[in-house]
Every structure is written in C-alpha cells, then in structure tokens.
Amino acid sequence: MTCPPLSDGHGRLIGDVRISVTDRCNFRCQYCMPADGLPWLERADVLRFEEIARIVRVLAELGVHDVRLTGGEPLVRREFPKLVELLARIDGVRDLSVTTNGYLLERDAAALVAAGVNRFNVSIDSLQRDRFFEMTRRDALPQVLAGLEALAQHPEAHPIKVNAVALRGFTEQEAIPFAEFARQHPYEIRFIEFMPLDADHNWSRDQVLSGDEIRAAIHAVHPLEPLPREPSATARVYRFADGQGRIGFINPVSEPFCGDCNRIRVTADGNLRTCLFSHNETSLRDPIRAGATDDELVQVIRDAVWRKELKHRVNDPGFVQPARTMSAIGG
C-alpha cells in the first residue's frame, strides 16, 4: 500500500531532503566558521552510512525524491562514494546531488559520477586567488578550479552549478568576472545572499548584497532575460540575452521563498530540521539506535514535519539566529 505523501501543517508537500554527512570542513570561510574552526562531533555521534540509507529509504517511500548530500565538506567523509552507491540504489530517489567546496573534487569527481551523483553544486566565492584566500582562509583556488574542470568532463553531471555567497563590500567586484565565467564555461553561476548562520553571530542586514543589486550590475554589461521559476525552486534563473550561459540568484533575505518550501534537513548527528533557521530539532538517530521500526520512524518524521515553520522570520523584529551554524546544520 502506498504511503500518503509527507506534508506539513501548512499544506506543503515535502519532496527534498538535505543530508549532512559530516560537520567537518577543510575551509574556514568567513561567513560560516571562525578562523580556528569549531569543535567537531565525536565519531560515534555521526550517522553511519547504513543509518543515512535507512532514513533516505523511509523518506523516499513518503515521496521525498530529491536528496542532496552536504557537510561541512562531504568529500572529507571517508569512503563517501560508497554512501552515494547505497543511496543511488534506493527506489524512489530521482535526484542525487552533492554540495562541495571543490577542494577534493579533482580526486573524487569520476568516482562520484560513477556512483550515481547526477548534480553538483560547487562553492566558489571569488575567481581571484588572493580574494578567494581572504574569504576561505585557504589558498586553494587553483585546486578548486582543477576539480571543476575534472567534473566538467562528465556530461551526465551537467548542469554544474557554482555558488557564491554575496557579501556587501566584497562581491561587487566579483559580479562581472563571474558573469563572464558563466558565459565561457558550462556552469550556472548562482549568487546566494548572506544569511545569519555565521559562527561568530556577526551577521547584519548591512552585509547583505541583494540579488537584485548584483543582477542589475550584470544586466548593465551583459543583458539578462528571466527564465520561468520552477515550483519550490530556490533560485531565480536568468539567461544571457545572446544565449551564452545562465546565471541565478538565491535571495532568502530580500525575496524569501518560504511559501512553497518543500525542503527538510538532517544534520550529521541525525537531527531532523524543518527549516535552516529552526530552533527545534527532532532526533532520528536516537530512535533508530533504540530499535525503532520503520513505522515508528515514519511517525517521528511526520510529527516533526507537521510542525514545519511557515517562514524563516529573518525579516521579523526580534529574529533570533539559531545556535547551529551553517556548517553544523548542513549547507
């Protein structure tokens, strides 16, 4: 008998899960982590591959067909391609994607594509080596670009998306170079507004460079035409008027897309979060390790998702930033 689809208390069907496979990262990006890093989870606290696969199988039976693997940096998880193979074999998983900083992509691109990843998001905040170092605190741009080129050799993984966090006072200089990069390579560049998920809790609205500002700057040099927005899509995507490439804008601060949000998240230690900015979590790891049946796990998930927030409230007076940072939640 087919399970009723997973939905929240506001009538939104849930079709997308972001699963963090580790909280560890080999970068120290300013908008995410302090320079000295963060305390890492103990190994025993992190979900095992079999536990992740079980969660994905249960979610797939509930109609959650899109799975994105994140971190921290997922490629630092030992034998990560083996997890991909496990998930790719699960009935109902239609889209299996990875978000990575690209540092280990040259090593792993072929193995991940062969294992079943069909979409990649690669985070690059600058195309200039010194400014990349300034943002990530790692002199790694050549290695990341080499990984991107290695990935581009696999047409089954296209379109490849390159994500840049948009920070006022920094990203203005990056907009046109990234636009030209998108016109010259088979990548869709996407600018993501800076969100209040930094470890130092120093976020302020003044630091947010809006997608509209970046779009206007690019449009003045390379005219853009909007493409239709797909239901529940996070990005507003544009093509260049002459047909050479595409570019996207993810505007959670200036243009929230909460109304048709179909996403949930699972942290590396197995907590279900129904919004990036949730203050409450529901453990899936603990009932699994306590011997819960699939039916019992389904009920835990349904109860948590039913309470999914109507919106993230970043723009509301008195907004309180969640205790977990982006790297601990899963980017």
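**Exercise 1. Find how many aromatic pairs a search of the whole structure gives, and classify the pair of phenylalanine 191 and phenylalanine 249**.

Solution. The search finds 7 aromatic pairs. Rings of Phe, Tyr and Trp (its six-membered ring) pair if their centres lie within 6.5 Å; planes under 30 degrees apart are stacked, over 60 edge-to-face, the rest tilted. Phenylalanine 191 and phenylalanine 249 have ring centres 6.0 Å apart and planes at 15°, so they are stacked. Phenylalanine 191 lies in strand S6 (residues 187–193) and phenylalanine 249 in strand S9 (residues 246–250), so the pair ties together parts 58 residues apart in sequence. Strands are DSSP runs (E, at least two residues), numbered from the N terminus.

The model is predicted: local features need pLDDT of at least 70, side-chain atom pairs pLDDT 80 or more, while totals for chains, interfaces and linings use all residues. Residues are numbered from 1 along each chain as its sequence is written, and side-chain values use heavy atoms, without hydrogens and water.

**Exercise 2. Classify the pair of tyrosine 238 and phenylalanine 249, and decide whether phenylalanine 249 is buried or exposed**.

Solution. Take phenylalanine 249: at 1% relative accessibility, the residue is buried. Buried means under 20% relative accessible area, exposed over 50%, partly exposed in between (1.4 Å probe, protein chains only). The ring centres of tyrosine 238 and phenylalanine 249 are 5.7 Å apart and the planes at 75°, so the pair is edge-to-face. Tyrosine 238 is also buried, at 15%. Ring pairs link Phe178, Phe191, Tyr238 and Phe249 into a cluster.

Methods:
Helix = DSSP H or I, 4+ residues; strand = E, 2+ residues; numbered from the N terminus.
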